[in-house]
There are 2 protein chains.
Amino acid sequence: MSGPDLSDFRVSSLRQACAHCSLNQLCLPMSLSEADIEQLDAIVERKRPLQRGEHLYRGGDDFQAIYAVRSGSLKTFTTTESGEEQVTGFHLPGELVGLDAINSWVHPCSASALETTSICELPFEQLEDLASDIPSLQRQLLRLMSKEIFADQEMLFAMARRSAEERLAMLLLSFSERFGRRGLSSTRFRLPMARSDLGNYLGLAPETMSRLFRRFQENGWLQAEGREIQLLDQPALAELSGRQAREDVDSKQLSDGTD
Amino acid sequence: MSGPDLSDFRVSSLRQACAHCSLNQLCLPMSLSEADIEQLDAIVERKRPLQRGEHLYRGGDDFQAIYAVRSGSLKTFTTTESGEEQVTGFHLPGELVGLDAINSWVHPCSASALETTSICELPFEQLEDLASDIPSLQRQLLRLMSKEIFADQEMLFAMARRSAEERLAMLLLSFSERFGRRGLSSTRFRLPMARSDLGNYLGLAPETMSRLFRRFQENGWLQAEGREIQLLDQPALAELSGRQAREDVDSKQLSDGTD
DNA sequence: CGCCTACTTGAGCGGCATCAATGGGTGTGG
DNA sequence: CCACACCCATTGATGCCGCTCAAGTAGGCG
């Protein structure tokens, strides 16, 4: 690939059609027919990549569109009057952001790039119109929102009942799974965010994060060098996180269709 | 008096049309035309009321429909393998439940009645079809889901950063507002759930709830007799909760001593 | 009346925040 | 090239909030 040339983005978007996007089975086009994907393509705007720290939108901005991460990563966060920041989520390629703004037509939180990040913009009113025409798109949109509700509730549970160790284990496995689904290694990855962001998201102090990582390494569960993470004992982490480890925990096949 | 006759419910549903429901401006019909409301009515099934403790659905059940509370109240909760319960929400008249099941077509949590509770059932596939035909219904559905995402994120923030006192203040004000919107008193109401449910939802032990209520009363913020609550100082609660109280806040004549 | 569940109150402790200090990495300017 | 600033990560010391354990009280219902 040649260097980024801003004037080329509209042209190149012809090639970056959803149909050819490696993420289309993770993203909104999932389970759409080719013809439908073309229609979706027509409303997608592919924007100039964001640099690390740049904002996609800020809390209080008018809501115009929802966004899909194409490459890189985002964090979303709210800021209180007193200036404290609460990270509400990390968003990897194939994931949508901005869904929380549909209700009020104002973004209740900010989104900023954790690294150089490409974004697909989906103007919401056009997306609504299209969803009326394409039942499977409407369904997919509802599914993704439902998924987010479910994920938030799992997170709530974690914050209410889980220890710091358990929360970190959950988060690591979440990243592991999300990297894995994209075909990357699920045991070796580079976290795009600072320890303090991770801690903030989990409701923990950065110092606590540091101690947790040390303890996890002492226990032989992972190897960490800065943001470079290698998971060494996923079953141990899975047990900590309260989830079932794959088939290791079998013996009791509760309701066989787990996930 | 005519006792409850189950065979009557279909008949009586003719009179319980959304168009005449006092909640229709809080619920799914909000901003629908009369004709559209009629169409919605046609798919709504009004079921036999649930008794206290009865389940509307259980975690693991197949997802068929989403539900609106018509009267009474529900709690939704997850249960872990080890039997611990996590309350994920309380649902008052006009509010929807079951949205978290759309993604997987399985209810990830259970819903049970906190008191005698009437429910409107909205078969999801029919609702989807209808939403394709009625753009404002689609929009309303997306809005309600978006609202839930936002609410969950606020809750996450509370769990991550707020003290027990602040969380309780938030919850009390949330109930206050939700009662108020239905035309009931926003300062005097009866909580339909046990302290332990409240505490569970907030990530706090029942003992802590007890101590909090005592402290709130000592501070003159409220009067509580069991589940009967009277809010005496909403501005103080609002300040605690981190929200802006109306315009009283800057001239804070409210705090006279305790800190 | 006894049982059960919900709620209250007290005593003690532990997990995690906070405060403080240090070291490493990276960008910037002399 | 080094000096400096700044951010991020780490580590130790200390303290507090809210959990846990334990006991007692009150209300609902057979």
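**Close-up 1. A:R214 and its neighbours at DNA strand D.** In this predicted model, a polar side-chain atom of A:R214 sits 3.0 Å from a phosphate oxygen of DNA strand D. A:R211 goes for a base instead: an N or O atom in the A:R211 side chain is 2.9 Å from a base nitrogen of DNA strand D. The other protein chain joins in as well, with a polar side-chain atom of B:R211 lying 3.1 Å from a base oxygen of DNA strand D. The elements that put two or more residues on the surface near DNA strand D are helix 6 and helix 7 of chain A, plus helix 7 of chain B. Helix 7 of chain A is the top contributor here, with four residues.

**Close-up 2. The wider surroundings of DNA strand D.** Zoom out a little and you'll find 15 residues around DNA strand D, with A:S210, A:R211, B:A164, B:L204 and B:T208 coming nearest. Of the DNA strand D atoms that come within 4 Å of the protein, 60% belong to sugar and phosphate. Sort the residues of this surface by class and you get four nonpolar, five polar and six charged.

**Close-up 3. B:S210, B:R211 and A:A205 at DNA strand C.** Now for the other DNA strand. An N or O atom in the side chain of B:S210 is 2.6 Å from a phosphate oxygen of DNA strand C. With B:R211, the partner is a base nitrogen of DNA strand C, 2.9 Å from an N or O atom in the arginine side chain. A:A205 uses its backbone: a polar backbone atom of this residue is 3.2 Å from a phosphate oxygen of DNA strand C. Helix 7 (206-218) of chain A, along with helix 6 (195-202) and helix 7 (206-218) of chain B, are the elements giving two or more residues to the surface near DNA strand C. Helix 7 of chain B gives the most, with four residues.

**Close-up 4. The wider surroundings of DNA strand C.** Here 16 residues surround DNA strand C, and the closest are A:A164, A:T208, B:R195, B:S210 and B:R211. Sugar and phosphate make up 55% of the DNA strand C atoms that come within 4 Å of the protein. The class tally for this surface is four nonpolar, five polar and seven charged residues.

**Close-up 5. Where chain A meets chain B.** On the chain A side, 46 residues are in contact with 45 residues of chain B. The two chains bury about 4,200 Å² between them, and carbon and sulfur atoms give 54% of that area. There are also charged pairs to look for: the interface of chain A and chain B holds six salt bridges. One to pick out joins A:R139 and B:E125, whose closest N and O atoms are 3.7 Å apart. Polar contacts between chain A and chain B come to 18 residue pairs, both residues at pLDDT 80 or more.

**Close-up 6. Helix 4 on the chain A side of the interface.** Which elements give two or more residues to the side of chain A that touches chain B? They are strand 5, helix 3 (124-133), helix 4 (135-161) and helix 6 (195-202) of chain A. Helix 4 gives the most, with 20 residues. By class, this side of chain A has 18 nonpolar, 14 polar and 14 charged residues.

**Close-up 7. Domain 1 against domain 2 within chain A.** The domain assignment splits out domain 1 (6-147) and domain 2 (162-258) in chain A. Contact between them takes in 18 residues of domain 1 and 12 residues of domain 2 of chain A. The pair buries about 1,300 Å², with 55% of that area coming from carbon and sulfur atoms. In domain 1 of chain A, keep an eye on A:L26, A:F90 and A:L92: they lose the most area to domain 2, together 44% of what the domain 1 side buries.

**Close-up 8. Salt bridges and strand 5 at the domain boundary.** Two salt bridges link domain 1 and domain 2 of chain A. In a salt bridge between A:E95 and A:R178, the side chains meet at 3.0 Å, N to O. The two domains of chain A also have six residue pairs in polar contact, both residues at pLDDT 80 or more. Strand 5 (residues 85-91) of chain A supplies the largest share of the domain 1 side that touches domain 2, namely seven residues. Counted by class, this domain 1 side has seven nonpolar, five polar and six charged residues.

Notes. Residues numbered from 1 in each chain as written. Chains lettered and ligands numbered in written order. Predicted model: local features only at pLDDT ≥ 70, side-chain atom pairs only at ≥ 80, totals over all residues. Heavy atoms only, no water. Domains from an automatic or database assignment. Contact = heavy atoms within 4.5 Å. Buried area = accessible area lost by both parts, 1.4 Å probe. Salt bridge = Lys/Arg side-chain N within 4 Å of Asp/Glu carboxyl O. Polar contact = N/O pair within 3.5 Å; in protein donor to acceptor, adjacent residues only side chain to side chain. Nonpolar A, V, L, I, M, F, W, Y, C, P; charged D, E, K, R; others polar. Near = heavy atom within 4 Å.
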